[in-house]
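Me: I am new to this structure and would like a close look at one part of it. Could you walk me through the salt bridges and the residues that form them, and then add a few local details?

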Amino acid sequence: MTVDATHVASGKVREIYAVDDETLALTASDRISTFDVVLPTQIPDKGRVLTGLSAFWFVRTRDVVPNHLAELRPDGRTMICRRLEMLPIECVVRGYLAGSGWKDYRETGAVCGHELPKGLLEAGRLPEPIFTPATKAAHGHDENVEEERAAALCGHDLYRAAKEASLALYRFGAAHAEDRGIILADTKFEFGMDSDGSLVLGDEAMTPDSSRFWPVSEYAPGRPQASFDKQFVRDWCERAGWNKEAPGPELPPEVVAGTRARYVEAFERLTEISFDEYVADPTVVL
Ligand code: Q0Z
């Protein structure tokens with residue numbers, strides 16, 4: 001059984017379909033991107049892992065903030081969602097200094113207006129998680145912005161609600177993950193408004209594609225960290241001598257298998273549910 005729907009938008013690795021005026025279907029493919037390029041080789045079940053994890057978090061964070069999830073389809077990769085009026089910012093929370101957070105800190109001592117202590121290391125843990133909103137770039141990278149600018153874009157009340165919800169969601173997810181051997185270094189949320197103007201969490205939540213997952217067992221600040229999910233792919237791409245411009249290289253079977261195993265391991269560690277059970281009946285995460 002499928003949902004009859006018209007395609008409305010494509011992301012790098014996901015698709016959105018309109019089901020009706022109030023409802024969307026979000027489908028996660030098995031495509032993988034690295035160094036900002038979508039590779040020609042797919043990782044079997046990656047889309048199911050991401051959708052299953054999002055649904056797992058959506059159900060468990062409902063009393064932190066309401067979310068758009070209406071239904072999980074039997075394919076395990078499609079969520080039926082309430083259509084929202086999306087806020088024009090990416091809601092990023094960082095517990096550790098990586099990516100643009102580390103870059104901004106190194107250059108200015110601050111990230112999105114948060115003045116941080118001197119002497120922090122790359123991938124170091126922050127004294128407390130910080131909210132670092134970014135504007136959505138049409139193409140290229142999102143731009144980190146200060147609180148005042150983000151608040152002006154959203155309206156001050158919605159901005160405050162999105163900031164508080166983001167920090168609470170991150171604290172919940174990071175504590176859950178750390179207990180299971182995974183550091184949720186940072187994560188990006190997208191919020192929207194319901195027809196009554198209230199804040200609703202949309203998009204995906206605390207997946208490896210919207211977050212940095214690091215294995216606790218390999219954590220060592222002072223250098224870039226191994227990615228829980230994509231490290232085999234990155235290492236292989238580096239060894240292959242690819243110039244990191246499209247098109248990317250085809251991945252060999254052992255890299256595909258190793259990477260699939262890492263995604264499944266992240267799913268099973270975080271949910272404590274067997275991935276085979278999820279594939280047989282996705283409602284086990286709900
Ligand atoms: C999410 C995105 C994807 C490409 C729009 N509930 C919602 N209501 C209205 N709009 C969205 C949502 Cl989730 C919405 N995106 C991000 C997702 C492919 C872009 F699967 N864009």
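Reply: Happy to help; here is a walk through the salt bridges, followed by the cysteines, a charged patch and some backbone details.

A word on the ground rules comes first. This is a predicted model, in which local features need pLDDT of at least 70 and side-chain atom pairs count only at pLDDT 80 or more, while totals for chains, interfaces and linings use all residues. Residues are numbered from 1 along each chain as its sequence is written, and side-chain values use heavy atoms, with hydrogens and water left out.

Side chains of opposite charge can pair when their charged atoms come close. Here a salt bridge means a side-chain nitrogen of Lys or Arg within 4 Å of a carboxyl oxygen of Asp or Glu. By that rule the structure holds 22 salt bridges.

Start with Asp194 and Arg82, whose closest N and O atoms are 2.7 Å apart. This pair links distant parts of the chain, 112 residues apart: Asp194 sits in the loop between strand 15 (182-193) and strand 16 (199-202), and Arg82 in strand 7 (residues 78-82). Helices (H or I, at least four residues) and strands (E, at least two) are DSSP runs, numbered from the N terminus. Both partners are partly exposed, Asp194 with a relative accessible area of 22% and Arg82 with 30%. On this scale, buried means under 20% relative accessible area, exposed over 50%, and partly exposed in between (1.4 Å probe, protein chains only).

Next come Glu90 and Lys188, which meet in a salt bridge at 3.6 Å, N to O. Glu90 lies in strand 9 (residues 89-96) and Lys188 in strand 15, so the pair ties together parts that are 98 residues apart in sequence. Glu90 counts as buried, at 5% relative accessibility, whereas Lys188 is partly exposed at 25%.

In another pair, Glu178 and Arg125 have their closest N and O atoms 3.5 Å apart. Glu178 belongs to helix 4 (residues 156-179) and Arg125 to strand 12 (residues 125-131), 53 residues apart. Glu178 is partly exposed, with a relative accessible area of 38%. Salt bridges that share partners also join Glu90, Lys136, Lys188 and Glu190 into one network.

Strand 7, the home of Arg82, also holds Met79. Met79 is buried, with a relative accessible area of 4%, and its C-alpha atom is separated by 9.3 Å from that of Gly52, 27 residues apart along the chain.

Now to the cysteines. A disulfide is counted when a pair of cysteine sulfur atoms lies within 2.5 Å, and the structure holds zero of them. For Cys112, the nearest cysteine sulfur, that of Cys91, is 11 Å away. Cys112 is buried, with a relative accessible area of 12%, and Cys237 is buried at 1%.

The backbone has some details to look at too. Most residues other than glycine have a negative phi, and most peptide bonds are trans. Cys112 has a positive phi of about 50 degrees and is placed in the loop between strand 10 (110-111) and strand 11 (114-115). Asp36 has a positive phi of about 70 degrees; its place is the loop between strand 4 (33-34) and strand 5 (37-38). A cis peptide bond joins Ala246 and Pro247, with omega about -5 degrees, and Pro247 is in the loop between helix 5 (231-240) and helix 6 (253-271).
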